[in-house]
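Open the model in a viewer and keep the selection panel at hand. The stops below go from whole chains to single residues.

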Amino acid sequence: MKSLPELMKNRSMTEEEFKRFLNWLDVDREFAAQTYEKLRRRLIVYFIKRQCSAAEDLSDTVLNAAMEHFLKQNALLLGQPLPYIFGIARNVYRQHLNKQISLDGDVDWQRLSFPDFSEETSEKERRSVCLRACLGELKDQDRQLFLLYYLKKNEALDEYRIRLAAQFGLTINALRLKMMRLRDQLRSCITTCQQKAEA
Amino acid sequence: MNWYSEDDKLLRRYLLNDVTAEERRLVEGRLLNDGDVQTAEEEPDFVDRLLLAEDELIDDHALGALSERERVLFDSNFAINSERRQKLIIAEGVVAQAAADMELRSLNRDREQVDSQAERSEGDTSIDVKIEWLHRLFFPSWKIVVYATITLALGLGIWRLFKSEPDLVRARKEIRQVYSFKRPLEIRISGYEYAMFPKTLGEEQGGFDYVALDRAERFLLDELAKQPTVETQHELGRLYLARKKFDQAEAILQLALQAEPNNASLHADLGAVFFEKWERQRSARSTSGQSGEQNTESDGLKQRSINHLTKALSLDGSLREARFNLALLYQTSNQIPQALEEWEKYLKDDPASPWAEEAERNLRMLK
């Protein structure tokens, strides 16, 4: 097992802060160091599976961001460490993808022109306008699927979703992964749109 | 075939912090170690499943599909970081948009059906008859000038009549008109004038002008699409409540409350929505003799109704709708002392309106 200084390589935090971070991962110091190493490896695998050439750099970006958030905020408000850190990995991957213009048919949100917002537009109105604008950017069939997925139904939700998958010629897993991709696209688009509105 | 595998169910419980220490170790061990396992492109690995579970919990919350227990755990253990709360706001926005989109689609479908029926009946007329009819209509040519003048004058009149009013005002007028003779629910909806409630007709009561209500709903959806405001959301929420579209009412009122968390009337109407949902679930349960989980869920609805109604009253102690509904809720659930207290408080504040007569009747009955 690596020593503490080895684990801390490339991290801009004091030894004390790093120990606190490890303690957040696992209260048992020895297991925490192991967990940290495993986590770093797992993040590299996460990015490799998504065909990211700079997988190690991206995983370091994730860990640095996690440590920064941890130091700035009350750990209780971050929730459980692993879901939180994998959530950051997902965002880092999405940002990485957005930098590569029109990769895999994805839209370059930065290039889109969003509606003009006046200074008086409230945050809620901006969000609503951005949501509609971003839904409008999805392909017709994707938008139809997306809105149908979010339609409230009187029947059991599981059965409805299974029927929806069949209707669009998808397996359950394919629909779930497609929805995950569409959600990510929409969130990226809304974030960009809101940033532009606030600028 | 199930939507959620056993792994998914375990991950949902893990995210909600509803697992044993052993299950936690198992999940975290797999999250850290399963990465080397080769999975088919369409087969999500364990980390993918964790991220999916997180998204789907948020979706299910936005769709109102979580059980009461899951909802409580969601609020206390899951939606604690700002990113998840942000995702929830987006999901709720999409749910509202999906409902609005479907309403518009169904209205357009109805309109297309009407148009195609009209076209079919016109198609029966032969072309020769049509030509002769047109000839008589437009010749000599001075007739065209007369028609154009009449059309212009009529158009201007109609434009002045309708365009002078915003959609929200038109919708409000239509709705108040429809519900001016009798009301659809025993509870009070904020801003609606008094109308009798014909109890004997029960759940199947009808007789409301649904064309006018559809039109009002469309006006409100149009208004929301053009310029979403809390006022319009509230009006649409009230209409959904009156039309017994409780899930839609809940969604839109929750959205409005996000923008104005201290709006007492919004709390009063959302409390009324939960009251109606609870009342229906309770009736269904007593008919089918169910118990257990449904009981807990139903109690949860009642508690949420009480929470919103009391919140409304804490924000505005003179809000009659909230007081009336709270008294009615206690009366319906046989909490007689609380019901008596609330009816008495109501009558102190409103001693002489037609609503007060109903309150008095209820008070006498309980005594």
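This tour of a predicted model goes through chain A, one of its helices, the contact between the chains, chain B and the nonpolar core.

**Stop 1: chain A.** Select chain A and colour it by secondary structure. Ten helices and zero strands should appear, so expect a plain succession of α elements when reading along the sequence, α-α-α-α-α-α-α-α-α-α. Chain A has 199 residues, of which 26% are buried. Turn on contacts between residues at least 6 apart in sequence: 51% of those in chain A join residues at least 24 apart.

**Stop 2: helix α6 of chain A.** Select residues 81-99 of chain A, which form α6. From first C-alpha to last, the 19 residues of α6(A) reach 27 Å, close to the 27 Å expected at 1.5 Å a residue. Which residues of α6(A) are buried? Show the side chains of Pro83(A), Ile85(A), Phe86(A), Gly87(A), Ala89(A), Arg90(A) and Val92(A). In general, residues three or four places apart in an α-helix point the same way, because there are 3.6 residues a turn.

**Stop 3: the contact between the chains.** Now bring chain B back into view and select the contact, to which chain A contributes 40 residues and chain B 39 residues. On the chain A side, at least two residues each come from α3 (29-49), α5 (75-78), α6 (81-99), α7 (123-137), α9 (157-167) and α10 (172-198). Which helix gives the most to this side? Select α10(A), which supplies nine residues. Colouring the side of chain A that touches chain B by class gives 21 nonpolar, 13 charged and six polar residues.

**Stop 4: chain B.** Hide chain A and show chain B as a cartoon. Chain B is built with 16 helices and zero strands. Of its 367 residues, 35% count as buried. Among the contacts in chain B with a separation of 6 or more, 60% are between residues 24 or more positions apart.

**Stop 5: the largest nonpolar core.** The largest nonpolar core has 113 residues. Label Val95(B), Leu220(B) and Ile252(B), the residues with the most contacts inside this core. Then select residues 264-288 of chain B: this is helix α12, which gives the most to the core, with nine residues.

**Stop 6: around Leu220(B).** Centre the view on Leu220(B) and leave aside its neighbours within four places in sequence. What is Leu220(B) in contact with? One group to pick out is Asp167(B), Leu168(B) and Ala171(B). The others to select are Thr232(B), Glu235(B), Leu236(B) and Leu239(B).

Technical notes:
Residues are numbered from 1 along each chain as its sequence is written. Chains are lettered from A and ligands numbered from 1 in the order in which they are written. This is a predicted model: local features need pLDDT of at least 70, side-chain atom pairs count only at pLDDT 80 or more; totals for chains, interfaces and linings use all residues. Two residues are in contact if their C-beta atoms, placed from the backbone, lie within 7 Å. Helices (H or I, at least four residues) and strands (E, at least two) are DSSP runs, numbered from the N terminus. Ala, Val, Leu, Ile, Met, Phe, Trp, Tyr, Cys and Pro count as nonpolar, Asp, Glu, Lys and Arg as charged, and the others, Gly among them, as polar. A residue is buried if 20 or more other C-beta atoms lie within 10 Å of its own, exposed if 12 or fewer, and partly exposed in between; C-beta atoms are placed from the backbone. A nonpolar core is a set of buried Ala, Val, Leu, Ile, Met, Phe, Trp, Tyr and Cys residues joined through C-beta atoms within 7 Å. The expected span of a helix is 1.5 Å times one less than its number of residues.
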